[in-house]
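Good morning, and thank you for the time. I would ask you to look at the model on the screen while I go through the arrangement of its sheet.

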Amino acid sequence: MKICFVVNTYPPATQCGPGEMVYNLQKYMLNRGVDAYVFTCGHNDPKYPKTLRIPCGKRLFYLLSFFYYVKEIRKMDFDIINFQTESGMGIAPFFFFEKRPKIITTLHTAYLVEARAIRGLTFDGRAFVRPSLNEYVVKYLFTPIKFVGTYLSTGISDRIIAVCQKTKEYCSKQYRIPEE
């Protein structure tokens, strides 16, 4: 069996979140004889085997990864591709693969709930903390893109995994996914 995990953060660039989860899943599968690859961003590091990287940052990863699919990933004939949230890349196998692999989307967060949490902190009518420019960009530019991408991915996925019960509940409502 040949599996590819698609994630926009991965060690050594990050030590938490989806990247860390994928790192541990890949290590587990490799130890059991499964041919497990990770497709991510950043620069190649020999400490991380079977990792295909696009030399870009995490914000550009999903935009640039379409081109990489055309060039490299489709040649590898994966049985399963596991997309880690927000990508919208779940639709790529329909365009770039002769034999469509099984698609699994793993949901890590509910973007609309997360976006609502980005706000200033006020007390007695005085603002103590205001969101940064980066937080505003994430809230008003990237959140709608992530929402649409995740909606596309979940719509064509063979299986959908939520990392916790709350994410399952929020995402089943947001993306109109049956809870089962």
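Strand 3, residues 51–54, is covered on both faces: T51 and R53 on one side, and L52 and I54 on the other, are all buried. Buried here means under 20% relative accessible area, with a 1.4 Å probe and protein chains only. Strands are DSSP runs of E of at least two residues, helices are runs of H or I of at least four, and both are numbered from the N terminus. In a regular strand the side chains alternate between the two faces of the sheet.

A word on the source. This is a predicted model, in which local features need pLDDT of at least 70 and side-chain atom pairs count only at pLDDT 80 or more, while totals for chains, interfaces and linings use all residues. Residues are numbered from 1 along each chain as its sequence is written, and side-chain values use heavy atoms, with hydrogens and water left out.

Strand 3 pairs with strand 2 in the parallel sense over 4 bridges; two strands pair if DSSP finds at least two bridges between them. Among the partners, T51 stands opposite V38, and L52 is the bridge partner of F39.

F39 in strand 2 also has V6 opposite. Strand 1, residues 2–6, runs parallel to strand 2, and 5 bridges join them. Another partner pair is I3 with A36 of strand 2. From strand 1 the chain passes through helix 1, residues 17–31, to strand 2, and this β-α-β crossover is right-handed: with the strands pointing away from the viewer, the path from the first strand over the helix to the second runs clockwise.

Why is strand 2 largely enclosed by the rest of the structure? Because 6 of its 7 residues, 35–41, are buried.

As to the sheet as a whole, 6 strands form an open sheet in the order 3-2-1-4-5-8, with parallel pairing. Its edge strands are strand 3 and strand 8 (159–162), each of which pairs on one side only.

Finally, I turn to the loop between strand 2 and strand 3, where D45 is found. D45 is buried yet has no salt bridge, and the nearest side chain of opposite charge, K47, is 4.8 Å away. A salt bridge requires a side-chain nitrogen of Lys or Arg within 4 Å of a carboxyl oxygen of Asp or Glu. Lys and Arg count as positive and Asp and Glu as negative, with His and the chain ends not counted. Leaving aside residues up to four places away in sequence, D45 touches P12 and R53, contact being heavy atoms within 4.5 Å.

Technical notes
Buried < 20%, exposed > 50% of the residue type's maximum accessible area, 1.4 Å probe, protein only.
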